[in-house]
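Subject: Structure handover

Hello,

Here is the structure we talked about. Please have it open while you read; my notes follow below.

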Amino acid sequence: MISVEDLLRESREIMKKWFAFVFSISLIIILVLMIANRPFPSSETPVVKNGVLDARNWDFNKRGVIALDGDWEFVSNELLTPKDFVENREIKNQLVPGPWQGNIHVGTYRVTILLPDHFNQYGLRVRNIWSAHTVYLNKEKASKQGIPNVTNQGTIQRNVPYEIFGTVESNKVEIVVAVANYSNIDGGIRRGIDFGTERAIMEAVHFDRKMEWAATILLVIFSLYHFFIFLVRQKEIMFFYSGVYFASLALMTAVRNERILIRAYPDLPFELVFKLQDIVTYGNGVLLILFLIKVEPKLISRKFISILLIPAILYILSFVVLPARSTSMIQNEVMLYLVLLWLGLFIRLIWMAIKQQSTMYRNEAWILSGAVLFLIIFAIAGGGDALNIKGLIIFNRLGLLGFVIMMNIFLAVRLNNRSEEAENLTVSLQNSNAIKDNFLAVTARELKTPLHGIINIIQSILENEEIHGTRKQTEQLMLVKQSAEKLNLLVNDLKSFIKMRHNDLQLTKSIIDLRVMTDVVFELLAFDYIQKHILIENLIPPNVYVIGDEERFRQVVYSVLHNAIKFTEKGKVVVNADVKDHHVVMYVEDTGVGISSDLISDIFQFVYSENVNSVPYQHRGMGMGLYISKELMNKMNGRIWIERSVVGEGTVIGVQLPIAENQESRVTYENNLLPMERGLLEHAASKIGSEKVLIVDDDAVNSAVLRTILQDYYTPIQVFSGVQALETLSNDSEIKYVIIDLMMPGMSGVELTRKIRERYSLMELPIIISTVLDSPRDVSMVFQAGANDYITKPFTRETVLTRLNVIQAIRNSLKQALTHEMAFLQTQIKPHFLYNTLSSIISCCYIDGEKAAHLLTMLSSYLRYILEAGRDGHLTTLQQEMDMIHAYVTIEQSRFGEQLSFSCELAESLLPNQVFIPSLLIQPLVENSIRHGLFNKEGFGTVTLSIKEDSDSYYFQIEDDGVGMSEEQLKKVHSDHYKGNGIGLNNVKRRIRQLAGASFLIESTEGRGTAITIILPKNSL
C-alpha cells in the first residue's frame, strides 16, 4: 500500500521533471527565434543607394521611423563641409552602419533623403559615431560633438547619443557628417541613424530610455537587497558576490546602449566614460565566473580557472593604464573568449546536475544553469546588436530579464534550502541537547553516592582516636576530604544548572546561620588559601540568620569565596554582614586583581568571557558558578551584585537574603558516607565496564589471573606472544587497553610496546607493563618505551582496576587537552607535557608515598595552568613559566634524587612578573634536556637555565651536561623536516618561527651535553 508521503514525493518529482522539460523547450525556442530573427532587407523598406534615400512613398505617420542604412557617399581622409563636398571628385560609397576599411582616421559622409509632400517637422537620432564629428543638415551646421581634426593632436574625442530636429524645405533633406577617429579600432557611423517625424523619434527615444532606467534601477534594487541579506546573514557569502555582480550589471546597463549615465551627466570626460564602460563590460564577465565558482566549488578547480581568467584580467587592467579604446582591436575576441568560458561552465553545470555530482541541491543546479544560459543569450544578443545585426535588442533585454529572475529564484531557493537545513539541524541539536542534559543529570546523580561515601569514611577515620595516624597522614586525609567536598559542590552546581535549564529547580527554605555557613565553606577552601598564604577573616557576628535553601545558598557562598581566593595573590579575604531593611547583606571583600568597569555588567552572565588585558592569564575562567549563583539568589528572593571593584586593588561582592526572625529551626551540617574503595571500584565499573583489554603474557597462569580480575568489568582477550598481540591489534580496532608482561621470549614487553607506539599514541591505546621489577631504572625503561603505567607482580584486583581507572581519567584529560590543541596552535605542547607530568607523579607515588600529597598539589597547579592557558591566549608571565619549571624539576628530582641537579640564573634587571612570553616555551626544553640529555647518562647530571636581557631582546639558554648529540643527529634536529619522537622541540621551534625576529639555536657535542638558545625580540611579544 502506497502511503500519502510517497504519493506527495512522487508528485513533486513529476512536477520537477515537467518544469525542467518545459523550461528547456522554452530556452530552445528562444535560441531558435534568436537565430531565425535576423532581419533581411524588405523590398518595401527604402534603403540608401549611392547616397540617396527615396522615401517619397513611405508613410511616416503610420509606419514610423526609417533607418538610414545603406551606401552613403563617402570621402576618406578629408573633413568636408556641404559646400566643398560636391567639388570633390573622389567620392566612394560607404556602408552605414559599418566600420571604415583600411587605415582611415577622418572622413566625410553624405546622404540625400527624398521626402513625400507635406512632410514638415523631422527628427534625426544619432546613437554611436566614432568619434568627434560635425553634422550638417541642408548645408547648415546642426550639431558638433568634440572637435574633429585631420591630426590626432588637434582632435578632441567625444561620443554621445543625441537627437536633432529640423524643418523640411523643398521635400528634401541633405545630411553631411564629418568624422575624425583616433581612439577606437572601428571608426565612423557604427550604429544606424534613424529618421522620422519629430514625434516618432521622441517616442522611440523616451521608450528606450525608460527601459534602460527601469533595468538599471531594478538591478540596483536587487544589488542592495542582496547586500542587505549578506549583512543579516554574513555566513551566506554568496549574497555579497551576487550583490557586487548586480551592481556591476547595473553600471554596465547605464553606460551602454542608450548610455543613460552620459545623458544624465553630459559633462563626464570621454576617457572616464569609455574606460568605465569597458571595465564594467568585461569585468562583469569575470565577476560572474567568480560567483559561480563560489556557489559551486566543484565546478572547476581554482587553479585552473585562475589560469583561464588571466587573459581577461590583463585586458581589463589595460583599460586602467592605457588610453580609452586603445586596445579595442581585440575587444570582440576577448568577449567571445568570456562567452565560451560561460558556455563551458554552463555545460559543466548541466552535467553535474544530471550526474548528481554537485554540492548544491539538484533544483539549485538546474536553476543556476538556466540563469547562466539567459546570460549567454544576453551577451550574444548584445554582441550581435553591436555588430549591427538588427532585431536582437529584444533578446538582449529578455536575456537580462531572464537572468535577473532566474538568479533571484536561485538565491531564494538556496536560502530556503539552507533554512530547512538549519531547521533540521536545530531539531537535531535540541535532541542532542536533551540527551546531553539527561546524561549529565544521570552522571551527577550517580556521583553523589561514592562522594558521600568518601567524605563519611574519611570523617569517621578523623574522629576515631584509635586509628589516628601521623600528623602528615591526618593532613593528607583532610586534603582528600576537602577535595571530595569541593567535588561534591561542583556536582551540585551541575545538577542545579540542569534543573535551571528545565525550570525544574525545587527549593526548600529554612533558617541558615550565616556565620556557620561561611566557616563551613572556608573549611572547604582551606587548602587553597593556605597554599597561597592568604589571610581569611570571618567578621560576621554570631546569631545572624537568613531564610533560604541551605544547599543552594552554600553553593552561592562557595562560588563567591572560591573566586575571591582564586583572584587574590596576596593580602586577605574578609567576610562581613550587615542588616538592612529586613534583609541581611553579606559582603565578601578581597585584595585581588579587581574587575574593570566594562566587565562588571557581564560578570554574572552565562559563559562569562573575561577580558585578556584585565585579568591575569592563570585566573581566566568560564564563570558558570557566578551565573548559577545569580539565578539561585533570584529564586531565593535575594540578589548578588558587585558592590565595588578597582583594578589592582580588589573587589567587594554583595549577597543579600531575607532576615530570619524565628531561629528555632536553624540548619546543621551532617553527612552520610559509604566505603571509599568500594565507591571507587563502582565508579570504575560504571564508567568503562564493557571495553576490551588485550592481555599479552607467555605465562598462562598469570594471563588467567588477569582475565579473572577483569572479566567482571571488561572484555579480556588473551594472547601469548608479541607477534600474536600485533596481529590481534591489526584485526580488532575495539581494543582499548593492553597489559603486557615485561619478560617474554622472542619479543620482550619493551620491544612490543615500542612497536605498538609506532602505530598508536599514548592516548589512542594505553599500555600497562606487568613486571616483577620496580627499581628506578626499570621504571624509567618502561616509561621511555612508551608505557602509560606499570603494575608490580604479584598484583591485587584493586590495583589493576584502579590503574585502569586512572589511565582512563588521564586519557579523558588528554582528549580535552587535544581539543584545546586543535583550537590553539601555540599551546599544542600541552598534551605532551600533561602526560609526562602525570606519568612522573604516578612513578613517584610508588617510590615515595610521603611525597604524594605535595606532588598532587603541584599537579593540581599544573592542570589549572595548562587547561586555562589554552583557552584564552598564549602569553604568560616569566614568573609563571619559572614556577612550572621548578615544579617539574621537583617531580623529576623526587624520582632520581641527587643524580639530577638544576640551577637557574636570572638577570637582576629582569622582573619576572612583568615579562610576558609564549606559554610553555621554556619548560618543554628543560624537560627535553632532562629526559633526553640526562636519562641516558650514567652518574650525575646538571641542567642550567640562564635568562638575560638587553634593550631589544630576551635571551634564554638551557644547557645540560648530558649525552649530547652527534653531528648527524644535530643536523637532523636543525632540519625543517625533523620529526623526532615527540612534539615538544618541534612545537617550540615552530612557535618561535612565528615571532618576528626571533631565533632558535642548538649547539651540542656528543658525550658533553647540549645548549639551546632562544632570542626573543621585545617588540615581537
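Start at S131, which sits in the loop between β7 (129-130) and β8 (132-137). Bear in mind throughout that this is a predicted model. The peptide bond leading from W130 into S131 is cis, and its omega is near -10°. That deserves a look, since most peptide bonds are trans.

There is another cis bond to check. V96 and P97 are joined by a cis peptide bond, with omega at about -5°. P97 belongs to the loop between β4 (92-96) and β5 (106-114).

Next, backbone phi angles. Most residues other than glycine have a negative phi. Two residues here go the other way.

- N138: phi is positive, near 50°, and the residue is not a glycine. Look for N138 in the loop between β8 and β9 (140-145).
- Q356: phi is again positive, about 55°, in a residue that is not a glycine. Q356 lies in the loop between α9 (331-355) and α10 (362-386).

How exposed is N138? Its relative accessibility is 23%, so N138 counts as partly exposed; the cut-off for buried is under 20%. And Q356? At 59% relative accessibility, Q356 counts as exposed, because that class begins over 50%.

Now move along the chain to the sheet. Five strands make up an open sheet, and their pairing is parallel. Which order do the strands take? Reading across, it is β22-β21-β23-β24-β25. The edges are β22 (715-719) and β25 (789-792), each of which pairs on one side only. On average, neighbouring strands in this sheet are turned by 25° against each other, direction ignored.

Zoom in on one pair of strands. β21 (residues 692-696) and β23 (residues 735-741) run parallel and are joined by five bridges. To find the register, use K692, which stands opposite I735 in β23.

One helix goes with this part of the sheet. Helix α20 (residues 722-731) lies across β21, β22 and β23. What is its angle to β21? Helix α20 runs at about 160° to that strand.

For a quick tour, I would display these spots:

- the cis bonds at V96 to P97 and W130 to S131;
- the positive phi angles at N138 and Q356;
- the parallel pair β21 and β23, with helix α20 lying across both strands and β22.

Best wishes

Note on methods:
Residues are numbered from 1 along each chain as its sequence is written. This is a predicted model: local features need pLDDT of at least 70, side-chain atom pairs count only at pLDDT 80 or more; totals for chains, interfaces and linings use all residues. Side-chain values use heavy atoms; hydrogens and water are left out. Two strands pair if DSSP finds at least two bridges between them. Helices (H or I, at least four residues) and strands (E, at least two) are DSSP runs, numbered from the N terminus. Axes are lines fitted to C-alpha atoms, for helices over the stretch in contact, and angles run from 0 to 180 degrees between N-to-C directions. Contact means heavy atoms within 4.5 Å. Buried means under 20% relative accessible area, exposed over 50%, partly exposed in between (1.4 Å probe, protein chains only).
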